[in-house]
Structures are given as C-alpha cells and as structure tokens.
Amino acid sequence: MPQEPITTIDLADVQTTAGDFHDVAVEIYPSWVMIEDDTGSRWIARDTVTEIFERG
C-alpha cells in the first residue's frame, strides 16, 4: 500500500542543498519530498531540503 504524505502544499518555494525550486506543489513524506512544477515531478531526499516556504 502506498504511503500517504505527511502534508501537502499547493504553492511553495523550496530550498535544497542542490538548488532552489519556485512556484511548486509539495508533498512531504517521512524520508522524501516530492515537488511538482510545469516540467514534471521530482523526488528529493528530505534531509537535503533546507527550507519550504508556503505561498498564498
């Protein structure tokens, strides 16, 4: 059975140790963060995410 996200954010900016992502949708899981934008979805290890800024 697939794991459910801890939380979801419809619009956010995400800072990671590898770079920043702007205007993305976010799903946070225990070990991973999934971000989705116009180019598709990316899975990022949660320990590399430094900040998530929810935008309204």
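Begin by selecting strands β1 and β5, which pair in the antiparallel sense over five bridges; strands here are DSSP runs of E with at least two residues, numbered from the N terminus, and two strands count as paired if DSSP finds at least two bridges between them. Within this pairing, pick out A12, which stands opposite E54 in β5. What you have open is a predicted model, in which local features need pLDDT of at least 70 and side-chain atom pairs count only at pLDDT 80 or more, while totals for chains, interfaces and linings use all residues. Residues are numbered from 1 along each chain as its sequence is written, and side-chain values use heavy atoms, with hydrogens and water left out.

**Across the sheet**

Next, keep β1 on screen and add β2: these two strands run antiparallel and are joined by seven bridges, and a hairpin connects β1 to β2 through two residues. Here V14 has F21 as its bridge partner in β2. Then add β3, which pairs with β2 in the antiparallel sense over four bridges, and look for I28, which stands opposite V33 in β3. The hairpin that joins β2 to β3 passes through three residues.

Now show the strands together, and ask in which order the five strands of the open sheet lie. The order is β4-β3-β2-β1-β5, with antiparallel pairing. The edge strands are β4 and β5, each of which pairs on one side only. From one strand to the next the twist averages 40°, where axes are lines fitted to C-alpha atoms and angles run from 0 to 180 degrees between N-to-C directions. As background, strands of a sheet pair through backbone hydrogen bonds, either parallel or antiparallel.

**The nonpolar core**

Select I9, A12, V14, F21, V24, V26, I28, V33, I35, I44 and V49, the eleven residues that make up the largest nonpolar core. A nonpolar core is a set of buried Ala, Val, Leu, Ile, Met, Phe, Trp, Tyr and Cys residues joined through side-chain atoms within 4.5 Å; buried means under 20% relative accessible area, exposed means over 50%, and partly exposed is in between, with a 1.4 Å probe and protein chains only. The elements that give two or more residues to this core are β1, β2 and β3, and the largest share, four residues, comes from β2.

Stay with V14 and display its surroundings, taking contact to mean heavy atoms within 4.5 Å. Leaving aside neighbours within four places in sequence, V14 is in contact with G19, D20, F21, V24, V26, I35, V49, E51 and I52.

**The charged pairs**

For the next stop, a salt bridge is a side-chain nitrogen of Lys or Arg within 4 Å of a carboxyl oxygen of Asp or Glu, and by this rule the count comes to three. Select R55 and D13 to see one of them, in which the closest N and O atoms are 3.4 Å apart. R55 lies in the segment after β5 (49–54) and D13 in strand β1 (residues 7–16), so this pair ties together parts that are 42 residues apart in sequence. D13 is buried, with a relative accessible area of 16%, whereas R55 is partly exposed at 37%.

Keep R55 selected and add D23, since their side chains also meet in a salt bridge, at 2.1 Å from N to O. This pair links D23 in strand β2 with R55 in the segment after β5, 32 residues apart. D23 is partly exposed, with a relative accessible area of 44%.

Move on to R42, which forms a salt bridge with D37, the closest N and O atoms being 3.3 Å apart. R42 counts as partly exposed at 32% relative accessibility, and D37 is partly exposed as well, with a relative accessible area of 24%. Salt bridges that share partners join D13, D23 and R55 into one network.

**The aromatic pair**

Finally, how many aromatic pairs does a search of the whole structure find? The search finds one, where rings of Phe, Tyr and Trp (its six-membered ring) pair if their centres lie within 6.5 Å, and planes under 30 degrees apart count as stacked, over 60 as edge-to-face and the rest as tilted. Select Y29 and W43: their ring centres are 5.3 Å apart and their planes stand at 50°, so the pair is tilted. Y29 lies in the loop between β2 (19–28) and β3 (32–37) and W43 in strand β4 (residues 40–45), so the pair ties together parts that are 14 residues apart in sequence. Y29 is buried, with a relative accessible area of 11%, whereas W43 is exposed, at 51%.
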